[in-house]
Amino acid sequence: QAQDPSMEDFQQLEGCNEVLNVTRPDIVANVHREYFAAGVDCVETNTFGANFAALAEYDIPDRNFELSTSGARIAREVADEFTASSGRQRWVLGSMGPGTKLPTLGHIDYATIRDAYQVNAEGLITGGADALLVETTQDLLQTKSSIIGARRAMEALGVCVPLICSVTVETTGTMLLGSEIGAALTALEPLGIDMIGLNCATGPAEMSEHLRYLARNARVPLSCMPNAGLPVLGKDGAHYPLSAPELADAQETFVREYGLSLVGGCCGTTPEHLRQVVERVRGLAPAERRPRPEPGASSLYQTVSFRQDTSYMAIGERTNANGSKKFREAMLEARWDDCVEMARDQIREGAHMLDLCVDYVGRDGVADMQELAGRFATASTLPIVLDSTEVPVIRAGLEKLGGRAVINSVNYEDGDGPESRFAKVTALAREHGAALIALTIDEEGQARTVEHKVAIAERLIEDLTGNWGIHESDILIDTLTFTICTGQEESRGDGIATIEAIRELKRRHPEVQTTLGLSNISFGLNPAARVLLNSVFLDECVKAGLDSAIVHASKILPIARFDEEQVTTALDLIYDRRAEDYDPLQKLMALFEGVNTKSMKDGRAEELLALPLDERLQRRIIDGEKNGLEDDLAEALRSRPALDIVNDTLLEGMKVVGELFGSGQMQLPFVLQSAEVMKTAVAYLEPHMEKTDDDGKGTIVLATVRGDVHDIGKNLVDIILTNNGYNVVNIGIKQPVSAILEAAQEHKADVIGMSGLLVKSTVIMKENLEELNQRKLAADYPVILGGAALTRAYVEQDLHEIYEGEVRYARDAFEGLRLMDA
């Protein structure tokens, strides 16, 4: 811009800077020279818009290779000039920009931009780029297409250069389409990138929390190229306010604290900015990082770990055309919104991932998968397990999902040769960075014995890791289960074989994941008996080391909800404990003769009504039972104040729920049910709670931390504090620290309160406190922390030591009130 190129220089294509690579290479070369003269080690090519979507805006997409090659050649010549004159090597990064279309939203199809990015990358490498930089990405599917295009370019040219990926996180704390930094890392690192980082959109202050996450979780080196702050509008237009010393300060901090390997600047950063950065960081050794990667899958929005806190990972089975009549009929009638609603139902029920299968005889599976995976990509907050026997159908799903999918599944049924289904599916998984469910099936068929199951699992693990480069932690072995309910002698030991195979596999390979298509175990029983056997069998498998299961999450009940005789009989059936006059299969069928799921529920309701009122209210919380709740609360209000009911009865029930969850005896879906009943009860009691006459006692910002959706405790704190004269700003669930601080500053908060149920939330809270330290805000904001996974010692000893301000632990809402009053 400073060199004022003419419209002729732009070939009448105003704003298409890449054309200058051909018409005015001198202008481009001079820009490179300015930055090399400032002391930088590498420059980016002038090819940010040399991609299909951007060039198509000017009707010149066919010039992609030409403009990419010429841009790289200019930078190469200048770099070589400085290398020769200074004796210090200078490098060229081939810039691959995001374009103007978002494939996740259907603006353009995946294959078109992937192939165009391949041309872009081939041009950059041909022109002399030392590395490729996929940058300023806003849509994970677009990011994936450019990385895969770059990889294909290297393969086509027979070369290998470093591949750097730099995503753009907005001031909202996510990428443009809502992707958290964890989702980006989970989706992109398995694609084989050599470095990951951030650039554009914000200044360094807003990038800090995301860099901290990458520093703790990324296996690959890190980069950061911030803007010179957030643009400020003035009478002369927008300008970037961050000074050169301030950028240098930030980058020095990032190198020292987060171990960054590549630093630079983006919009608004001048040669002077970079000169000062160079002076500050050259020769500085990056902090040594000890990343703790968390294997998992991701949706467009969030990452989900394969290992869940105190629970198994539930893969919802109801969006499967083979297993769900309701889903199949909706798919066959093209009622796509109904299919999406079934996915959302499973999210509400507590599933962690969704199994999507569209296989049905006579249907165009590719078309169905494109339709549904494309919809689930934006409608589901959960990662997708792509389930199909057809390779083209799996490919169609992968090309619609920006997040990291799991493929269900591979096996050795037709061997492991180059034309086998195993080889074709695994090649797809490797290219798209997907995790793999691998079944213990070989050329002889499905493994039934412990020894055969483990032998096939060993072969799968060795093959996938050794020959295909897939991490052991990204393999989910399904040791298979078969029904034990036929009465046939040969099937009696199948349950034991599955459990012991899981146990032995986890002993040999603690990093590998295990999964199971659970409901096969009970095939042949009536629905009520199936709920019992499935629940008990899952509990036994989890004890043996099972990490995940494909289930209808709401039909797996806590063992405590069944009577002892039912559980004992189910265990006897699973472990084949027959005696001379005792067959547990016959007894189980007798126990459930004439019983259906409705009559089971009615029986539990009768038991509940027989309990004393106080105990009954607690049981309603523990069992997640809403029916009759308001009548019981109305009765309780006749003799006790509303706050006493909450404090002495309902919270005691939630305490039991927390203990059952913490010990693994209650799974997350039922914790959510209990929380929903608690929320309903508190809402009913709130109008009856006494309110203080005090007003304006102070302001607290409340939030559930990033990655956690549990808010019952936080919302109760909101009610109690509000009723006692405090101004409460409740900003909701899954809040990044930047949003918490923004709210605190906007509302002039006196205190910040953070909550979370999950164990990983305790780590997030620690990181948030470190971020307050980093931003020099700790002295301004006392912090109260609460949540089931926290302990008083952890907060008031460990976290107290690292936080430069005041931090306190609140066991419940009433302790929170006492802390505020103090």
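Reader: Where is Lys748 found?

Author: Look in the loop between helix H27 (737-746) and strand S24 (751-755). Keep in mind that this is a predicted model.

Reader: What makes Lys748 count as exposed?

Author: Exposed means over 50% relative accessible area. Lys748 has 67%, so it is exposed. Its phi is also a positive value, near 50 degrees, in a residue other than glycine.

Reader: Why is Ala201 called partly exposed?

Author: Partly exposed is what lies between the buried limit, under 20%, and the exposed one, over 50%. Ala201 comes in at 22% relative accessibility, so partly exposed is the label. You'll spot Ala201 in the loop between strand S5 (195-199) and helix H8 (204-217), and Ala201 has a positive phi of about 70 degrees although it is not a glycine.

Reader: How do you know whether Leu242 is buried or exposed?

Author: Same recipe: buried means under 20%. Leu242 has a relative accessible area of 16%, so Leu242 is buried. This leucine lies in the loop between strand S8 (237-239) and helix H9 (244-258). Among the residues Leu242 touches, leaving aside those up to four places away in sequence, are Pro204, Asn227 and His273.

Reader: How do you know how many disulfides there are?

Author: A disulfide needs two cysteine sulfur atoms within 2.5 Å, and a search of the whole structure finds 0. Take Cys224: the nearest cysteine sulfur, that of Cys266, is 10.0 Å away, and Cys224 is in no disulfide.

Reader: Why is there no bond from Cys339 to Cys357?

Author: The closest cysteine sulfur to that of Cys339 is the one in Cys357, and at 12 Å it is too far for a bond. Cys339 also counts as buried, because its relative accessibility is 0%. Cys224 has 0% too, so it counts as buried.

Reader: Why are H16 and H17 called oblique to each other?

Author: Helix H16 (residues 450-466) and helix H17 (residues 494-508) pack at an angle of about 40 degrees, with axes 9 Å apart. Roughly parallel would need an angle under 35 degrees, and roughly perpendicular starts at 65. The angle fits neither label, so the two helices are oblique. Their crossing is right-handed.

Reader: Which residues of H16 meet H17?

Author: Those in H16 are Val450, Lys453, Val454, Ala457, Glu458 and Ile461. On the H17 side, the partners include Ala497, Leu505 and Arg508. The residues of this contact divide into 7 nonpolar, 1 polar and 5 charged.

Definitions and conventions:
Residues are numbered from 1 along each chain as its sequence is written. This is a predicted model: local features need pLDDT of at least 70, side-chain atom pairs count only at pLDDT 80 or more; totals for chains, interfaces and linings use all residues. Side-chain values use heavy atoms; hydrogens and water are left out. Axes are lines fitted to C-alpha atoms, for helices over the stretch in contact, and angles run from 0 to 180 degrees between N-to-C directions. Helices (H or I, at least four residues) and strands (E, at least two) are DSSP runs, numbered from the N terminus. Angles under 35 degrees count as roughly parallel, over 145 as roughly antiparallel, 65 to 115 as roughly perpendicular and the rest as oblique. A crossing is left-handed if the near helix is turned anticlockwise from the far one by less than a right angle, and right-handed if clockwise. Contact means heavy atoms within 4.5 Å. Ala, Val, Leu, Ile, Met, Phe, Trp, Tyr, Cys and Pro count as nonpolar, Asp, Glu, Lys and Arg as charged, and the others, Gly among them, as polar. Buried means under 20% relative accessible area, exposed over 50%, partly exposed in between (1.4 Å probe, protein chains only).
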